[in-house]
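Colleague: I'd like to learn how to read salt bridges in a protein model. Could you walk me through some?

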Amino acid sequence: MDYGNKKCKENSKDSWRTTLVLAYQSLGIVYGDLSISPIYVYKSTFAEDIRHSETNEEIFGVLSFVFWTLTLVPLFKYVFIVLRADDNGEGGTFALYSSICRHAKVSMLPNRQIADESLSTYKLKQPPERENRSKVKMLLEKHKPLHTALLILVLLGTCMVIGDGVLTPVISVFSAVSGLELSMSKKHHEYAVIPITCVILVCLFALQHYGTHRVGSFFAPIVLLWLLCISGLGLYNIFHWNQHIYKALSPYYMYKFLKKTKKQGWMSLGGILLCITGSEAMFADLGHFSYTAIQIAFTFLVYPALILGYMGQAAYLSKHHQIAHDISYYVSVPESIRWPVLVIAVLASVVGSQAIISGTFSIINQSQSLGCFPRVKVVHTSDKKHGQIYIPEINWILMILCIAVTVGFRDTKHMGNASGLAVMAVMLVTTCLTSLVIILCWHKPPILALCFLFFFGSIELLYFSASLVKFREGAWLPILLALFLVTIMFVWHYATTKKYEYDLQNKVSLEWLLALGPSLGISRVPGIGLVFTDLTSGIPANFSRFVTNLPAFHRILVFVCVKSVPVPFVPRAERYLMGRVGPASLRSYRCIVRYGYRDVHQDVDSFETELVNHIAEFIRYDWCRPEQTNDPGNDDEGLPSSRSSGEYRLAVIGSSDFSTSRAFEAEESMQQVSVSVGFPTIDSITDIVQMETQNKGRRVTFAVDDASSNDPKDLQMSEELQDLLDAQQSGTAFILGHSHVKAKQGSSVFKRLAIDFAYNFLRQNCRGPDVALKVPPSSLLEVGMVYVV
């Protein structure tokens with residue numbers, strides 16, 4: 001008993017030690033942007049609308065606003081509420097959206113199957129029997145325009161995050177470098193800050209291809225040093241200049257501030273809101289750490305350090321009214337340590353910029369995986385750390401935009417107005433989506449969600465309105481970027497959905513495939529043919545076009561559907577959904593490969609090898625499972641999975657070693673499955689079979705055992721496995737559709753513009769599916785298709 005208690009205490013210590021290590025590591029990834037904000041908040045607030053007077057009412061009011069904004073939004077809203085709205089430990093806009101889509105039928109993604117609900121990561125907050133059929137849920141599911149509105153809201157929040165990825169590096173680095181103004185003349189300062197900022201930004205983006213993990217070990221110490229620096233300087237300024245500055249934390253000073261400054265005070269809120277820039281990163285980067293680690297780091301280190309930093313600046317300014325025309329963070333730093341603080345500030349700004357750039361790469365990759373962004377090249381820079389990615393095209397576009405903003409704006413005021421609007425737009429989207437999560441996922445009363453929406457939404461709307469007023473003074477930039485990106489993403493998603501509808505309506509029946517034979521001049525050639533399609537059932541039209549023009553196909557034929565599921569990750573053992581297309585003699589299979597929106601897609605070599613191994617495993621399972629009652633009129637007596645209806649059983653096949661004994665567990669029979677929300681219901685899956693095997697990792701090839709039994713089934717299984725092995729040795733061909741999409745006659749002007757011009761322009765100038773899959777040119781067969789949608 002004592003030994004058990006001792007062991008529990010040791011495990012508890014290890015758990016706390018791990019949590020504290022994660023909390024330390026989160027400083028460099030999560031809080032880089034938030035911690036650098038003291039450099040530019042006061043300078044942006046007092047840029048034009050209000051002036052620092054001898055009564056100190058303005059500086060006290062701004063400090064009170066900063067304190068309560070930091071307390072209510074990052075601390076109460078994010079740390080204690082929003083962080084709990086995770087999706088299997090993942091956070092961010094898409095995590096909220098995927099949780100909502102699993103609890104209510106509002107998804108706009110194609111290829112939706114009931115089989116996806118059997119995934120272990122497709123867990124719901126409440127079991128089905130306790131599901132609350134709220135009026136909000138029924139309203140959302142009933143009206144299709146609300147599905148589109150929800151998707152646009154998510155895309156808008158996503159685009160504002162991307163816009164923040166442009167603005168945050170600019171304002172952080174520019175504000176840090178602006179400390180040089182105290183060490184040189186105004187004339188030299190104007191010609192020095194812009195070039196130095198641009199050089200730092202170019203170096204920052206040029207180093208992105210090395211990956212965050214190569215320099216990540218330096219991030220946390222830099223941010224920790226910066227937090228200790230601002231808190232130490234804050235304490236020094238408080239005790240040296242104004243020990244009673246704590247009185248300004250009273251909400252009464254906010255009232256006095258607005259009463260005295262009126263409209264100008266309200267407009268200055270656009271600078272105050274910059275104190276919470278980077279708060280969204282706590283939720284977006286939740287998957288890299290844990291709820292407890294982020295909560296501990298913010299509550300016990302970041303939050304107190306920021307409050308002390310802002311109080312120290314206010315204490316200094318309250319005794320120095322002569323610098324009202326030039327309020328800067330560095331004026332409150334003693335001259336003897338100004339240069340070391342400047343160096344630390346520049347390093348901290350680079351860390352904060354790195355975090356938002358990495359977040360931009362991540363969210364674009366998620367958008368691409370969900371069919372909401374054109375295909376781009378994604379490079380995984382780390383084999384050990386998940387989520388470390390680099391997108392070359394996006395990296396250079398961000399760099400050009402950052403330099404353009406730096407040269408174009410040239411001052412903190414315009415940069416702050418632009419950054420503030422982007423930040424508040426993202427927070428408003430998060431507030432709206434979290435309100436839906438409270439109702440649909442947490443099954444709380446709607447009045448609770450309304451209280452959350454009204455309380456935090458009113459605060460954010462106040463700040464958003466103050467930023468929106470500055471439209472002509474910089475706030476136009478994130479709006480323009482968001483509209484441009486939302487248009488691209490929505491057009492791509494709309495055309496992709498229309499292509500899927502066309503494929504669904506023009507697919508070929510299984511009877512057509514079964515009718516192909518020597519009498520029609522169709523021959524089977526050696527090798528494996530992988531036909532990529534978006535369909536989860538039926539024969540795609542591009543394959544019929546291929547066979548019509550070239551009357552031959554491979555001895556082993558596999559229809560591969562790579563689809564995304566509204567979950568962050570799909571376990572490798574549940575990724576492959578295998579089945580037959582036609583009888584076993586046809587040697588034709590269907591493989592549905594499921595990925596989550598944060599999953600790493602495999603390269604073509606490992607995918608090809610793993611796919612063949614899974615087909616072999618499925619063949620063994622299909623011949624060895626208990627015989628099912630054959631359907632009446634079926635001519636394939638004794639063959640596995642025999643069905644006359646067209647589609648056959650699908651099995652979830654995990655990675656396993658063929659030499660081990662396998663246990664098979666059949667799940668309950670599934671009913672007809674709706675392939676896509678709004679699309680016709682078809683017989684895509686009749687039942688799902690979960691295969692539980694011991695994971696032995698990826699195998700390079702498989703072996704065929706000599707049939708020692710006289711059982712005809714064993715002989716036929718060995719023959720089918722031998723055919724698969726021979727086909728693998730003969731080579732693999734990748735058959736992909738090369739599509740051209742055009743709007744049908746009589747379509748509206750907007751549809752013709754979106755399809756004929758916008759989508760086709762994007763398709764021609766983005767990565768093709770063969771490049772995205774890294775298909776060798778020698779193994780590629782492209783089939784031209786014209787989609788009239």
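Modeller: Happy to! Let's start with Arg580 and Glu720, which form a salt bridge with their closest N and O atoms 2.7 Å apart. A salt bridge here is a side-chain nitrogen of Lys or Arg within 4 Å of a carboxyl oxygen of Asp or Glu. Arg580 sits in strand β5 and Glu720 in helix α23 (residues 712–730), so this pair ties together parts 140 residues apart in sequence. Helices (H or I, at least four residues) and strands (E, at least two) are DSSP runs, numbered from the N terminus.

Colleague: What kind of model is this, and how are residues numbered?

Modeller: This is a predicted model, where local features need pLDDT of at least 70 and side-chain atom pairs count only at pLDDT 80 or more, while totals for chains, interfaces and linings use all residues. Residues are numbered from 1 along each chain as its sequence is written, and side-chain values use heavy atoms, leaving out hydrogens and water.

Colleague: Are Arg580 and Glu720 buried or exposed?

Modeller: Both are buried, meaning under 20% relative accessible area; exposed is over 50%, and partly exposed is in between (1.4 Å probe, protein chains only).

Colleague: Which other side chain meets Arg580 in a salt bridge?

Modeller: Asp622 does, at 2.6 Å from N to O. Asp622 belongs to helix α22 (residues 604–624), 42 residues from Arg580. Asp622 is buried too, at 2% relative accessibility.

Colleague: How many salt bridges are there by this rule?

Modeller: The count is 13. One of them pairs Glu57 with Lys260 at 3.7 Å; here Glu57 is partly exposed, at 24%, and Lys260 is partly exposed, at 38%.
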